[in-house]
Amino acid sequence: MKKKIGVYVCECGPNIASKMHIDKILESVKSHNSEDVEIVPIKHKLLCSVQGKKFLEEDIKKQELTHLVVAACSPREHNTTFMNICKKSDLNPYLYKMINIREQVAWVIPDKEKATEKAIQYINGGISRVQYQGELFENKIDAIPDVLVIGGGISGIESALSLANEKRKVVLIEKTDKLGGNSVFYKKLLPRQGAEKDFIAKKIAEVTNNKNIKIHLETELEEILGFLGNFEVTLRNVNNKDNKIEIKIGATIVATGFQLSNPTSFKNVKYKESDEVYTSLEIEKMFSEKGKILLSSGSEPKTVALVHCVGKDEKKYCSQICCNYMMKIANYFKEQSKEIKVKEFYKDLCLPNKDDEKLFRDTEKNGVDFVRIKDIDIQGNEIKYTGINGKNEKTKFDMIVVAPPIEPKAGTKNLSQIIDIPLDEFGFFQEVHQTTNPTGTATDGVFIVGTAQGPKGISNSMLMSQAVSGKIKTQLIPGEKIIPEVKTSEILEAYCMGCKTCLEVCCFGAIYFDEIKGISRVNEALCRGCGNCIASCPSEAIRHKHFTSEQLFQEVIEILK
Amino acid sequence: MSEEKVLIMGSGLPGMRASLLLANAGKTVYLVEKLSNIGGDAIKNEESFPKLECSTCMVAPTQQEVLHHPKIKTMTLCKVEKITGKVGKFNVSIKKKARFVSETDCIGCDACFPPCPVSISNEWEENLIDKKAIFVPCPGSLPNVPMINTEHCLHINGKKKECKACVEACMFDAINLDDKDEMIDVEVGAIIIAIGSETYDVSTLSQFGYGNNPSVYTAMEFERLFSSNGPTKGELTLRKTEKEPKSVAIIHCVGREEQGYCSGICCMYSVKHAHFIKHKLPKTKIYNIHTDICVADKTYFNFVENFRDKETKLIYHSSMKDLKVEKNGNGLSVNYLSGLGAKEKLDVDMVILASAMVPGEENKEISEMIGIDLDNHGFFMTKKDMVGSVESSKEGIFIAGCAEGPKDIQTSVIQAEATVSGVMKIFE
Amino acid sequence: MANNGAKISFKNGLQNQMRDFLKECMKKGIFDAVVLPVRVPANDSYAWILMNDISIVDQANPIPPVMPVQGAKALKSLTRKGDGILKIATIMKPCEIRATIELAKLSQVNLENITLISYDCPGAIPMSIYNNLSDDMEIFYNDVVSENNFVSEKMKEVCGFCVDFSDVPDDLHFGFTGLENEVYIIPNTGKGNSVLEKLEMKSSENLSQWKKNVADIKKIKSKNRIDIYKQVQPTVDGLDNLQKTYEKCIGCHNCQSACPICYCRQCFFDSTASEQSANTLIDIAEKRGGIGFPRDKIMFQVGRMSHMSLSCVSCGQCMDACPVNIPVAKIFSFVSSKTQNTFEYRAGFSGDEPIPLKVYKDDELSKIHEIVKNAESDGSEHE
């Protein structure tokens with residue numbers, strides 16, 4: 001069939017028209033006319049205007065174009081605009097090519113003749129390339145709306161609760177034999193959070209009674225394969241690894257939480273030398289279980305030291321919540337008896353939320369002393385410290401409570417290998433973009449929430465769960481299909497030598513190895529068309545469907561002619 | 001229930017993020033922005049912490065996607081005047097200020113600026129530079145369509161009725177000086193408030209000498225001063241002397257005591273500013289004068305520690321009320337009380353004030369109009385006694401980003417995505 | 001490389017000793033089969049033979065004077081289609097071992113059941129010389145081996161400046177540089193150790209003297225290498241010089257066929273993708289006032305360099321194969337030394353070191369930038 005290529009040159013008002021000879025361009029591109037090719041050269045005042053778009057849409061149909069080249073501004077401005085026009089005119093949008101003659105020519109080449117010449121070269125390249133472009137089609141695939149949540153702490157519970165409904169089932173797995181994670185040990189949440197312990201208990205009851213949430217306790221992830229909308233998951237019982245469950249889900253949320261670091265590992269604390277040095281979580285547990293905080297002898301402490309930031313310098317991150325909860329603990333003591341003398345030792349107070357400062361002021365008013373220090377050493381019951389004023393002091397306390405850093409839950413590394421999410425320098429799960437996408441991972445459909453991603457409080461953890469819920473609800477709509485990337489890589493079987501180089505450079509896990517044929521293959525649902533594999537393939541066995549060597553070659557040859 | 005439509009107030013990163021998620025799920029979004037451009041405060045920064053990546057590169061693709069999305073009606077220069085009804089069916093009246101420039105016809109060629117005879121101060125650029133009465137806030141603003149200031153345009157304010165310089169310059173007949181404000185009524189099922197925050201007016205705190213000493217800058221002014229698309233094209237010269245500063249003091253926590261909270265991000269951007277200066281003027285001495293260092297994210301501690309002593313000297317001072325910035329010859333001196341309680345003095349050429357984030361001026365008006373609660377500080381309050389919620393005291397109305405309280409971009413984005421979960425639940 | 005080895009004294013020549021060693025291993029069931037070079041019946045070349053019959057081993061020549069087919073290619077044919085169950089040993093020149101290691105990283109060779117054995121290599125005689133004078137050359141080469149002459153001028157040019165003639169990550173190594181009627185058998189890996197254990201040989205001899213002997217030879221070869229690279233540099237500096245160097249290329253692609261690393265099923269330069277229509281060619285001819293055939297002489301060479309230089313082991317096969325005597329191997333060796341340095345990589349030196357294509361280091365881009373900058377300033381000096 002004869003190719004009929006429309007070459008539409010946009011004048012962009014005077015922006016392009018005044019900088020080059022448009023008619024000369026239109027005349028010149030006719031040189032591509034041949035037995036097989038007919039060029040339709042047309043200029044327009046402003047193709048992106050309402051009239052311009054309408055004109056282009058109708059003209060593609062009227063002229064029965066097989067290919068389209070638009071020479072106008074940067075594709076960044078209007079590529080989508082013209083692709084949509086192609087769709088409306090029943091021209092496959094991948095048989096169209098946009099050439100930038102504004103930013104790359106009109107605005108940078110002052111000489112009118114030279115600009116015209118350069119524009120002609122670029123457009124020639126486009127005309128040549130577009131003939132080697134092929135039709136690409138969107139491939140709609142079925143998607144499962146159901147979600148797997150890994151971890152039964154508050155983040156996991158909130159994720160499940162905000163997602164589950166009649167049309168979307170949630171499977172919640174938890175390694176231990178009960179739900180709630182660390183939060184069940186807290187006697188109280190922070191005062192500004194209003195709610196007390198039954199808040200957690202209510203959430204647990206709610207998730208347990210929700211018929212759209214299936215809970216598997218003492219269960220862990222064995223294997224996960226697939227992509228957004230279609231994951232195949234194998235779960236297994238923690239105690240009996242042969243006891244397996246296989247499920248199909250559309251998305252996965254990792255909510256594996258945190259643990260407190262072992263304070264004995266930090267140089268300035270001799271934790272086990274005294275029975276009366278406790279971690280904050282031990283105090284929470286004691287207060288929850290006994291309703292009182294007592295020394296191991298059973299008597300009430302008269303003097304208590306709370307030491308912030310233990311191990312922060314070693315871990316190289318701030319755990320964000322310790323300053324707040326240490327004040328909460330100080331208030332536990334004051335509540336128990338006004339007589340208990342409480343001193344908080346800190347280097348910097350981290351009070352990033354709008355109500356934190358009030359808690360600090362209230363705690364101060366409650367009779368708690370705050371001491372800013374430069375350095376501290378805990379030796380048994382004795383604290384040696386250098387104050388901010390440079391003075392060295394030494395004091396004994398009946399009881400010492402330390403706030404060790406939050407660290408990733410044991411097993412995080414193992415899970416990261418199973419689920420293929422990298423860990424950051426601290427061992428937390430690595431988000432795909434810290435600022436703009438803190439819950440996403442390199443695999444679409446796999447999300448991280450709560451302290452699995454980094455230290456944070458209950459409130460922010462729950463918000464993160466809801467954020468992921470917002471993403472899943474808008475990406476996996478029950479009953480609707482999903483459309484994966486069209487411009488993907490493909491591997492030519494005849495060329496592939498099976499060296500597996502591409503498997504290692506793919507950031508999206510989109511390449512797998514066909515053991516029977518001994519070659520690599522692309523999973524098109526996962527491929528984003530980044531081209532890493534193409535660049536790394538030693539055998540040139542991989543090509544990008546919309547950036548083939550031939551397409552680029554022909555474009556460049558034409559430009560260089 | 002009305003058709004599935006959502007009103008989003010504020011087009012910063014949280015507003016845009018929520019818009020895109022909802023629009024991609026097929027909901028119609030009215031994205032209302034009071035300014036003539038979208039993108040919020042994030043685009044004022046040259047680079048964002050902690051990765052120091054180019055802010056424009058981070059935000060621009062989102063802006064483009066929003067502007068091109070068929071399900072998002074981006075409404076710039078708009079203000080919500082009235083909201084009635086309840087969850088599922090809110091009736092919203094929006095006042096659209098006349099732009100005088102057609103968004104469909106204008107191609108953003110800037111040809112109308114030079115002929116305009118009026119120069120006025122550019123408040124988007126923190127008043128560090130002038131603009132014409134027909135203007136875009138800064139090069140690269142999106143949508144790339146100018147607006148006309150009605151107060152100063154000679155044709156519109158009647159001082160010189162015959163002036164039509166911009167109209168004559170426009171080759172696309174895109175300017176219509178008879179444009180009128182209009183009212184637009186829409187019906188939506190849910191509302192997201194993401195109007196952001198403002199910064200503390202430091203001129204009210206005489207101890208810092210802001211306003212009297214031209215070499216005292218607010219952090220926002222510095223961001224624009226440093227920006228390559230800003231008033232000086234990124235050249236770091238002081239506003240009066242036009243000289244490069246040889247020493248700079250960056251003061252943290254300005255307005256914290258007055259507001260009664262820590263803004264959570266100032267330590268980070270203040271150290272970022274130190275790094276900016278060091279990068280551009282390697283010989284300049286920089287001091288960060290701080291109280292508590294607040295680095296509440298896994299990567300923030302290292303961010304500060306990596307620059308400590310190498311790029312800036314971090315100095316702890318023990319009393320905000322004893323901190324004073326005074327004129328000292330051609331320069332400034334910063335007087336403060338050290339950790340030891342001793343009086344210290346630091347002579348510098350430039351002072352940057354990290355001013356607190358404060359609730360927006362319109363918060364009160366909006367809260368009364370809708371009937372939702374503000375907290376003691378004046379930020380929007382999420383449900384009382386509710387941990388981890390983004391819903392306001394009224395069902396169907398959600399709060400995201402700094403409208404709820406000071407926070408960094410990532411937490412704002414998380415909140416925005418969380419509001420989407422709430423909105424989707426309404427439509428289930 | 002290990003610090004200790006087992007020492008054996010011999011009377012009937014090194015090659016005999018090596019054959020005996022292999023036979024002993026086969027008798028004890030340590031290896032089921034061996035792959036060794038055997039002189040072909042026409043006497044003018046060698047071929048790799050897989051043998052599991054002990055009686056044939058005597059026909060093999062473990063240190064052949066030539067390298068007609070790179071050993072890595074033979075091992076690839078043997079193991080690419082899956083891992084056999086037979087335990088196989090092979091004796092190869094160090095550059096053949098290194099090429100094998102490279103191919104293993106690219107999943108083209110499976111080393112699971114293979115034991116790699118190598119030796120201090122005196123070099124190989126160019127095929128063109130050996131072809132016509134094979135009997136003379138056999139005698140000459142035997143003398144070279146027994147006299148321990150590691151710098152003979154008759155060898156391939158790349159052998160003359162090969163600094164890695166002994167340093168090779170083999171499982172077992174026969175080290176004899178500077179020794180008389182003695183050889184160290186050196187285990188470099190767990191595999192090698194277990195072979196010696198099964199033979200009840202103790203690897204307790206200190207190797208320092210031998211290492212010093214190797215280092216002495218290395219010094220001479222290093223100097224040669226610097227000289228050769230100095231010669232090569234101007235011949236490939238810039239497009240004009242490249243053009244001159246490759247002017248006589250006849251486009252036979254023999255260098256590609258002979259290269260052990262070039263393993264693609266279909267070379268891009270042999271594919272239709274690089275063909276152009278007559279119209280296009282005429283257009284180009286018009287513009288330049290004429291074009292030469294075969295096309296893409298430089299493109300092919302530079303393309304091969306960009307694909308292969310990171311894995312090049314400087315075995316010299318390409319140069320041996322060139323019918324028009326272009327010093328391809330010297331050029332490749334020079335370019336490879338630069339590219340491999342850039343990525344802090346040495347082809348074939350460690351099986352654990354991933355090929356640079358698979359890893360990304362933050363500073364590599366700035367490094368490349370630096371190299372390009374330096375190259376540019378070098379270039380201006382030449383002018």
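Chain C of this predicted model is a good place to start, because a compact globule of 383 residues would have a radius of gyration near 21 Å, and the 22 Å of chain C agrees with that. Along its principal axes, the C-alpha trace of chain C spans about 75 × 40 × 40 Å. If you count up its secondary structure, you get 15 helices and eight strands. Of the 383 residues in chain C, 39% count as buried. Sequence separation is worth a look too: take the contacts in chain C between residues at least 6 apart in sequence, and 74% of them join residues at least 24 apart.

Now for how the chains meet. Two pairs of chains touch, and the pair with the most contacts is A and B. Chains B and C, on the other hand, have no contact joining them, and their closest C-alpha atoms lie 14 Å apart. Chain C does touch chain A, with 15 residues from chain C and 17 residues from chain A taking part. On the chain C side, helix H11 (residues 278-288) of chain C provides the largest share, three residues. By residue type, the side of chain C that touches chain A splits into six nonpolar, five polar and four charged.

Turn to the contact between chains A and B, and you find 55 residues from chain B and 56 residues from chain A. Four helices of chain B each give two or more residues to the side that touches chain A: H1 (13-24), H2 (55-68), H8 (300-307) and H10 (409-427). H10(B) has the largest share of that side, with eleven residues. The make-up of this side of chain B is 29 nonpolar, 17 polar and nine charged residues.

Next, go inside chain B and find strand S13 (residues 190-193). Both of its faces are covered: B:Ala190 and B:Ile192 on one side are buried, and so are B:Ile191 and B:Ile193 on the other. S13(B) also has strand partners. It pairs in the parallel sense with strand S1 (residues 5-9) of chain B over four bridges, and in the parallel sense with strand S24 (residues 397-399) of chain B over three bridges. You can follow both pairings from one residue, B:Ile193. B:Met9 stands opposite B:Ile193 in the pairing with S1(B), while B:Ile399 is the residue of S24(B) opposite B:Ile193. Leaving aside neighbours within four places in sequence, B:Ile193 is in contact with B:Met9, B:Gly10, B:Ile366, B:Phe380, B:Ile397, B:Phe398, B:Ile399 and B:Ala403.

That leads to the nonpolar cores. In soluble globular proteins, nonpolar side chains tend to be buried together. Here the largest nonpolar core has 309 residues, and those with the most contacts inside it are B:Ile8, B:Ile192, B:Ile193, B:Val351 and B:Leu353. Helix H11 of chain A gives the most to this core, with nine residues. Apart from it lies another core, of 62 residues, including A:Ile5, A:Phe82, A:Ala115 and B:Met147.

H11(A) is worth a stop of its own. This helix covers residues 322-336 of chain A, and A:Asn324 lies in it. Is A:Asn324 buried or exposed? With 24 other C-beta atoms within 10 Å, A:Asn324 is buried, because the cut-off for that label is 20 or more. Once you leave aside its neighbours within four places in sequence, A:Asn324 is in contact with A:Leu190, A:Asp356 and A:Leu359. Look at A:Leu190 in particular: 134 residues separate A:Asn324 and A:Leu190 in sequence, yet they are 7.5 Å apart in space, C-alpha to C-alpha.

Last stop, a sheet in chain A. Five strands make up an open sheet in the order S7-S6-S5-S11-S22, with parallel pairing. Strands S7 (213-216) and S22 (446-448) of chain A stand at the edges with a single partner strand each, so one side of each is left without a neighbour in the sheet. On average, neighbouring strands of this sheet are turned by 20 degrees against each other, direction ignored. At the S7(A) edge, the partner is strand S6 (residues 170-173) of chain A, which pairs with S7(A) in the parallel sense over four bridges. To find this pairing on your screen, pick A:Val170 and look for its bridge partner in S7(A), A:Ile213.

Notes:
Residues are numbered from 1 along each chain as its sequence is written. Chains are lettered from A and ligands numbered from 1 in the order in which they are written. This is a predicted model: local features need pLDDT of at least 70, side-chain atom pairs count only at pLDDT 80 or more; totals for chains, interfaces and linings use all residues. Two strands pair if DSSP finds at least two bridges between them. Axes are lines fitted to C-alpha atoms, for helices over the stretch in contact, and angles run from 0 to 180 degrees between N-to-C directions. The radius of gyration is taken over C-alpha atoms; the globule rule is 2.2 Å times the number of residues to the power 0.38. A residue is buried if 20 or more other C-beta atoms lie within 10 Å of its own, exposed if 12 or fewer, and partly exposed in between; C-beta atoms are placed from the backbone. Two residues are in contact if their C-beta atoms, placed from the backbone, lie within 7 Å. Ala, Val, Leu, Ile, Met, Phe, Trp, Tyr, Cys and Pro count as nonpolar, Asp, Glu, Lys and Arg as charged, and the others, Gly among them, as polar. A nonpolar core is a set of buried Ala, Val, Leu, Ile, Met, Phe, Trp, Tyr and Cys residues joined through C-beta atoms within 7 Å.
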